[in-house]
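User: Hi! I am new to reading protein models and would like a close look at a single spot. Could you walk me through it step by step?

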Amino acid sequence: MKTQHEVEQFLYRQAELLDSKQWQAWIDLFTDDGVYWMPPEPSHRTWEGMPAIFAEDKNLMRVRMGRVLHPDAWSQRPLWGTNHVVSNVVIVKSSTNEVQVRSRFHMMELRRDDVRHYAGAYTHRLKKTRGGYRIKLQRVDMTNAQAAYDYVLQVWV
Amino acid sequence: MLQERIPDFSKFVEPDRVRKEVYTDAGVFEREMERIHETLWIYCGHESQVPKAGDYYAVQLGRQPMLMVRGPEGKVHVLYNRCPHRGNMMCGDRHGNTGEFFRCSYHAWTFHHDGRLRNIPMMESGYQGTRYGRDNPECSMKRAARVESYRGFVFASLAKDGPTLKEFLGASLVAFDDMCDRAPEGEVEIVPNCFRIIQHSNWKIFLENQLDALHPSVTHQSTGRAAHEVEKMIEKKTGKAPLSYHMLSAFATVTIDKWDNFQTINHPQGHCILTGYMGLRPKDPDTLKYEKTLIKAYGQKRMEEILGVNIHHVLIYPGLSVQSPLQQLRAVRPLGVDRTLTEIWHFRLKGAPEAIYRRSLAYYNLVNSPATVVNADDLENFWKCHQGLSSDGGDWVSFARHFGRDIEKDGVVESGPGMGTSEAPMRNQMKAWARYMGNGK
């Protein structure tokens with residue numbers, strides 16, 4: 001029960017950091033070798049050598065953050081925000097060092113006057129550290145992954 | 001009557017500027033679909049998308065929903081996705097395998113892969129004495145008027161008459177030659193993943209941006225700077241940053257004046273070749289290994305020729321942007337006057353080392369995925385562009401940059417030396433556009 005509660009709180013915090021645009025704090029949730037991965041279809045087992053919507057280590061995350069924070073990132077100028085809801089949190093595996101968790105998310109995005117909805121499943125591999133959990137892998141299987149994208153995704157879902 | 005309402009499109013286009021209606025008028029769009037996208041050779045897909053008999057891909061040519069399908073004899077056909085009975089769409093999926101024949105989900109009419117009628121349930125009792133039956137070609141699925149392929153890239157034209165595919169592609173054939181020649185086996189194979197992104201803007205805005213060498217350092221400066229910072233950090237730590245960082249940081253490190261070193265070569269069909277070395281031949285072990293496999297396949301001299309081709313990308317009018325050195329392409333499908341779908345694919349060089357594929361994959365993921373760190377700002381500009389053009393704030397779009405300094409020879413227009421940011425490609429595209437749109441001339 002304790003692990004369940006801690007893991008849930010961690011996932012909520014992850015979503016909260018995205019919604020509040022605290023990009024650096026969000027990147028800090030990852031281990032040094034952590035990866036954020038959004039495969040284009042659920043059958044993919046690895047991001048290595050595969051097309052991916054996102055397949056980012058911390059360095060690429062820094063590039064993305066640097067871009068959106070730059071004053072000349074034109075697409076960042078207009079009103080833009082997201083709201084995540086994370087639920088259905090299930091611990092799949094747990095060992096002394098690591099927890100594997102599956103959950104579901106729903107993300108609503110507002111950009112100018114347009115609303116978009118993205119939803120799907122998160123799979124997290126969380127490393128237990130002295131400072132709390134850190135993300136080794138955040139896999140995002142979006143139900144919309146295969147659909148045509150009306151505009152693009154600018155930051156992590 | 002209708003003819004009278006069609007405006008004189010040549011009046012929309014002047015040598016150095018065009019009317020805003022070219023981008024925003026719904027009537028113009030319909031005419032474009034008829035005269036351009038449903039007449040010229042349009043890219044359907046690559047043969048390796050449909051390797052087995054019955055494999056199909058749905059593709060939109062102009063306003064027409066079509067199917068590209070592989071027949072049992074190995075031939076690739078392009079058919080209208082429509083049952084001749086009551087007009088039902090034959091396949092509702094984007095791709096799949098139709099089995100040994102197409103079967104309509106409404107009344108079970110069946111068709112061979114080349115569209116010929118196979119059977120109508122109870123044909124004898126139901127259709128005896130009517131105009132319908134096996135001998136009537138109207139009982140078959142309609143085929144694209146013409147289908148041809150070049151080095152595995154399949155095109156269709158919905159017009160009976162016109163130049164052959166090779167005649168139409170002309171100098172832009174180099175896009176497919178450059179891509180395939182880079183493969184030790186002389187062929188490429190599709191990676192079965194299509195990223196599809198919708199732009200809220202007219203299709204021509206995308207075409208123009210593809211050849212606009214002035215925009216990268218303005219539009220993509222934020223990405224260039226961010227990538228350059230991280231690139232420097234990695235170099236400091238490990239000595240060498242992956243090539244993909246260089247591809248991104250170039251947006252900032254190649255300053256506006258340097259983009260003038262690029263050159264555009266514009267052809268009368270509307271095609272354009274943007275030259276400019278992409279820095280894809282570093283002296284790293286992966287590249288050297290790749291060079292060895294090319295030498296084995298073609299010899300030293302030919303290898304040097306192949307890797308020396310100086311192309312950034314090729315724009316094939318009216319809607320295919322091919323980045324041959326990185327084996328990717330974007331197909332443009334106009335959905336409406338202010339909505340455009342791009343379908344983005346990449347390829348493997350057959351026989352090349354995995355590391356070379358990884359290079360094109362990195363570009364595909366970073367630049368061309370729906371989470372692109374590059375095109376987000378392009379699409380923002382396209383939307384703003386279309387919004388502005390829809391207003392009464394002005395009537396014209398200017399293409400005057402380096403106007404009068406183009407070098408023209410035998411109908412081919414090159415941007416002047418050191419004038420790579422010339423708006424020659426836009427002027428040339430619009431000249432071709434006016435000719436295609438011409439009132440029956």
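Leaving aside its neighbours within four places in sequence, which residues is Asn193(B) in contact with?

Analyst: Happy to help! Please keep in mind that this is a predicted model.

Let's begin with where your residue sits. Asn193(B) belongs to the loop between β13 (188-190) and β14 (195-199) of chain B. Its relative accessibility is 4%, so Asn193(B) counts as buried, since buried means under 20%.

Now to your question. Once neighbours within four places in sequence are set aside, Asn193(B) is in contact with Pro40(A), Pro51(A), Ile344(B), Trp345(B) and Tyr364(B). The letters in brackets tell you the chain: Pro40(A) and Pro51(A) belong to chain A, while Ile344(B), Trp345(B) and Tyr364(B) belong to chain B.

One of those partners, Pro51(A), leads us to another residue. Asn365(B) also has Pro51(A) among its contacts, along with Met50(A), Ala52(A), Ile53(A) and Phe195(B), again leaving aside neighbours within four places in sequence. Asn365(B) is part of helix α13 (residues 354-368) of chain B. With a relative accessible area of 15%, Asn365(B) is buried. So what do you get if you put the two residues side by side? Asn193(B), in a loop, and Asn365(B), in a helix, each touch Pro51(A).

Let's step back and meet the two chains, beginning with chain A. Its secondary structure comes to three helices and seven strands, and from the N terminus on they follow the order α-α-β-β-α-β-β-β-β-β. Chain A has a radius of gyration of 15 Å, close to the 15 Å that the globule rule gives for 157 residues, so chain A is as compact as a globular protein of that length. Its C-alpha trace spans about 45 × 30 × 30 Å along the principal axes. Of its 157 residues, 52% count as buried. Chain A exposes about 7300 Å², with carbon and sulfur atoms supplying 50% of that area. As for charge, chain A carries 22 positive and 18 negative side chains, and the centres of these two sets lie 5 Å apart.

Chain B, the home of Asn193(B), has 15 helices and 23 strands. A compact globule of 441 residues would have a radius of gyration near 22 Å, and the 23 Å of chain B agrees with this. The C-alpha trace of chain B spans about 80 × 55 × 40 Å along its principal axes. Buried residues make up 56% of the 441 in this chain. How does the chain fold back on itself? Among contacts in chain B between residues at least 6 apart in sequence, 66% join residues at least 24 apart. The accessible surface of chain B is about 19000 Å², and 51% of it belongs to carbon and sulfur atoms.

Ser321(B) gives you another buried residue of chain B to look at. Ser321(B) lies in strand β18 and counts as buried at 4% relative accessibility. Not counting residues up to four places away in sequence, Ser321(B) touches Gln210(B), His313(B), Val314(B), Leu315(B), Gln328(B), Leu329(B) and Arg330(B).

On either side of strand β18 there are loops with backbone features worth finding. In the loop between β17 (313-316) and β18 (320-323) lies Pro318(B). A cis peptide bond joins Tyr317(B) and Pro318(B), with omega at about 5 degrees. In the loop between β18 and β19 (328-336) you will find Gln327(B), a residue other than glycine whose phi is positive, near 55 degrees. Gln327(B) is buried, with a relative accessible area of 3%.

For a contrast, try Asp410(B), in the loop between β22 (407-409) and β23 (412-414) of chain B. Asp410(B) is not a glycine either, yet has a positive phi of about 50 degrees. At 75% relative accessibility, Asp410(B) counts as exposed, whereas Gln327(B) is buried.

To return to your spot: Asn193(B) is a buried residue in a loop of chain B, and its contacts include residues of chain A and chain B.

Technical notes:
Residues numbered from 1 in each chain as written. Chains lettered and ligands numbered in written order. Predicted model: local features only at pLDDT ≥ 70, side-chain atom pairs only at ≥ 80, totals over all residues. Heavy atoms only, no water. Helix = DSSP H or I, 4+ residues; strand = E, 2+ residues; numbered from the N terminus. Rg over C-alpha atoms; globule rule 2.2 N^0.38 Å. Buried < 20%, exposed > 50% of the residue type's maximum accessible area, 1.4 Å probe, protein only. Areas by Shrake-Rupley, 256 points an atom, 1.4 Å probe, with all protein chains shown as cover. Lys, Arg positive; Asp, Glu negative; His and termini not counted. Charge placed at Lys NZ, Arg CZ, Asp CG, Glu CD. Contact = heavy atoms within 4.5 Å.
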